[in-house]
Amino acid sequence: MDSVEMARSLMGSSLAFHIIFATLGVGIPLMIVIVEIMYQVRKDRDYAIMAKRLTKGFGIILGVAIPSGTIVGVLLALLWPGFMEIVGQVIALPFQVEIWAFFLEAVFMSIYVFAADRLSPTMRIVSVISVAIGATASAVLITDAHAWMNTPQGFRIEEGQVVDVDPWAAVFNPSLWTTSLHVVSSAFMTGAFAIVSIAAFQLLKNRGDEKTKAYHQKGLMLGLMVGAIMSLFTAINGHETAQMLHEYQPEKLAAAEGLFETTDYAPLAIGGIVDEETGSVKYGLEIPWLLSFLADNRFDTVVKGLNEFPRDEWPPLYIHLLFNLMVGIGTILIVLSFAGLFYRYIRKRQIPAWLLRILTTTGILSMIGIETGWIFSCTGRQPWTIYHIQRTEDAAVQSESLGTLFLLFISLYAFLLLLTIFIMLFYFRRHPVRRELS
Ligand code: HEM
């Protein structure tokens, strides 16, 4: 591997690790807010216990999200000096405001954790809502920098220098709101499905104990409701994101769909492998006209094909697989969550064991969706770091020693991941919910 590939691998693996905790760090606070409100409305002690246990889990997640986020920040400066030179002059604003969002989250988190028992019901809800607002604002602000990389504006490059900087134009770049909505809603749904997975698993394990069973049923139903709403919302704003690609990054959409020739009435390719030699998608299912319709709500919309662009500006063609995985997972999760709700509220029955078994996979499926979404968005922008402005090879550091660093960091992430799982299991096994319920 050359040093650019090494830098990409190191940055990619660091982001892939951080994103697990950053996503749960946005999704879990929303669930704590909902559980806390349920407690205040119903005065059901199960919800107070649930909020407390979720907060403990959230504390552990935050303990990994903060250092791994710091590593990502340091690596940005170390590995991408060319990129940071432009970022520092054009889009530093969201990073600076993010520090305030983090303070808001940290201060109210401390109040909620250490003084929850002494707070009035209103103050409990205010503090936990402030934690969720801080976490969500952080996500939007950091996503803004990513959105700007895809649809950059607010500056020009003249003879290698950054000129005519307009920080507000950079902040309010065209994909800010669509991308932020997609990122935030997919994080909310991942938080919800993480709880669905745990509750489904516990229900399968604790069939005899009625109190514990009732507790996990409540967690399961709340998770399914939020998961169903958020997965639907993610699919709807994902569709808007795809329309953004049609307008602003057409070669990414073309590679995502394996479309080589520019055409109206373009077909949507589901599955299969994009074959450059034949200029088609092999073994896939083609739905006539659908891509044109999805791109701009009309069947005669002209969708640009890859042949419209120089070969060295094509994104890697395997992003078709990533796109299919993300959308496929989104579809499966909508079906599963509505199936669970259907059993409980329409058929008025307990969710059967076979469905509970499937529901245990929803948390991990969501996380795979998050990872594939990010990889799709970032590798789909290649060969650019800043779309049509800075190539990745011009942004990266030139260094021979990245291989050792890569191995060191991979080992650190593996260790941290195992440690986090161990701490979670250790804590929750030492404090079983059965004991708190009695
Ligand atoms: C169900 C239909 C979905 C559609 C149509 C869709 C569409 C898209 C598109 C077009 C992008 C690329 C945006 C860009 O490069 O500018 C994207 C990115 C992304 N997607 Fe999805 N998506 C869907 C489901 C999901 C699901 C289920 C998840 C997570 C569980 C998810 C998580 C992400 C993430 C984290 C990104 C990267 C951030 C971004 O650039 O927006 N998506 N999605």
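# Reading a predicted chain, feature by feature

User: Why does tyrosine 265 count as partly exposed?

Analyst: Exposure is read here from a count of neighbours, and a residue is partly exposed when the count falls between the limits of 12 or fewer for exposed and 20 or more for buried. Tyrosine 265 is partly exposed because 16 other C-beta atoms lie within 10 Å. Keep in mind that the model is predicted, so that each value is computed from predicted coordinates. Tyrosine 265 is found in the loop between α9 (250-257) and β3 (268-270), and its phi is near 50°, a positive value in a residue other than glycine.

User: Where does tyrosine 283 lie, and what is its phi?

Analyst: Tyrosine 283 sits in the loop between β5 (280-282) and β6 (285-287), and although it is not a glycine, its phi is positive, at about 65°. Tyrosine 283 counts as exposed, because it has 8 C-beta neighbours inside 10 Å.

User: Which peptide bond is cis?

Analyst: Omega is the angle to inspect, and for the bond from glutamine 382 to proline 383 it is near 10°, which makes that bond cis. Proline 383 belongs to the loop between α13 and β7 (384-386).

User: What is the mean pLDDT of the chain, and where is confidence lowest?

Analyst: The general caution is that predicted coordinates should not be read in detail where pLDDT is low. In this chain the mean pLDDT is 94, with 100% of the residues at 70 or more. Confidence is lowest in helix α16 (residues 433-437), where the mean is 87, and highest in α13, where the mean is 98.

User: What radius of gyration does the chain have?

Analyst: The value is best read against an expectation for the chain length: a compact globule of 438 residues would have a radius of gyration near 22 Å, and the chain, at 23 Å, agrees with this. Along the principal axes, the C-alpha trace spans about 70 × 45 × 40 Å. The chain contains 16 helices and 8 strands, and 40% of its 438 residues count as buried. Among contacts with a separation of 6 or more, 76% come from residues 24 or more positions apart.

User: How many residues does the largest nonpolar core have, and which helix gives the most to this core?

Analyst: As a general idea, nonpolar side chains tend to be buried together in soluble globular proteins. The largest nonpolar core in this model has 77 residues, and those with the most contacts inside it include Met31, Ile32, Phe188 and Val196. Helix α1 (residues 3-42) gives the most to this core, with 14 residues. A second, separate core has 22 residues, including Ile86, Val87, Phe155 and Ala170. Returning to methionine 31, its contacts beyond four places in sequence are Leu54, Gly191, Ala192, Ile195 and Val226.

User: Which residues come nearest to the ligand?

Analyst: A shell is read by its members and by the elements that supply them. Of the 28 residues around the ligand, those that come nearest are Gly238, Gly330, Gly369, Gly373 and Ser377. The elements giving two or more residues to this shell are α7 (176-205), α8 (210-248), α11 (319-346) and α13 (362-379). By residue class, the shell divides into 17 polar, 10 nonpolar and 1 charged.

User: Which residues are in contact with threonine 241, leaving aside its neighbours within four places in sequence?

Analyst: Threonine 241 is placed in helix α8, and its contacts outside that sequence window are Thr178, Thr179 and His182. Threonine 241 is partly exposed because 18 other C-beta atoms lie within 10 Å.

User: How many residues apart in sequence are glutamine 390 and arginine 357?

Analyst: Sequence separation and distance in space are two separate readings. Glutamine 390 and arginine 357 are 33 residues apart in sequence, and their C-alpha atoms are 47 Å apart in space, while for lysine 43 and phenylalanine 342 the separation is 299 residues and the C-alpha to C-alpha distance is 27 Å. Glutamine 390 is in strand β8 (residues 390-391) and counts as partly exposed, because it has 19 C-beta neighbours inside 10 Å. Beyond four places in sequence, glutamine 390 has contacts that include Gly82, Phe83, Ile86 and Trp384. Lysine 43, in the loop between α1 and α2 (45-79), is exposed, because 10 other C-beta atoms lie within 10 Å.

Notes
Residues numbered from 1 in each chain as written. Predicted model: local features only at pLDDT ≥ 70, side-chain atom pairs only at ≥ 80, totals over all residues. Near = placed C-beta within 6 Å. Helix = DSSP H or I, 4+ residues; strand = E, 2+ residues; numbered from the N terminus. Nonpolar A, V, L, I, M, F, W, Y, C, P; charged D, E, K, R; others polar. Core = buried A, V, L, I, M, F, W, Y, C linked by C-beta atoms within 7 Å. Contact = placed C-beta atoms within 7 Å. Rg over C-alpha atoms; globule rule 2.2 N^0.38 Å. pLDDT = per-residue confidence, 0-100.
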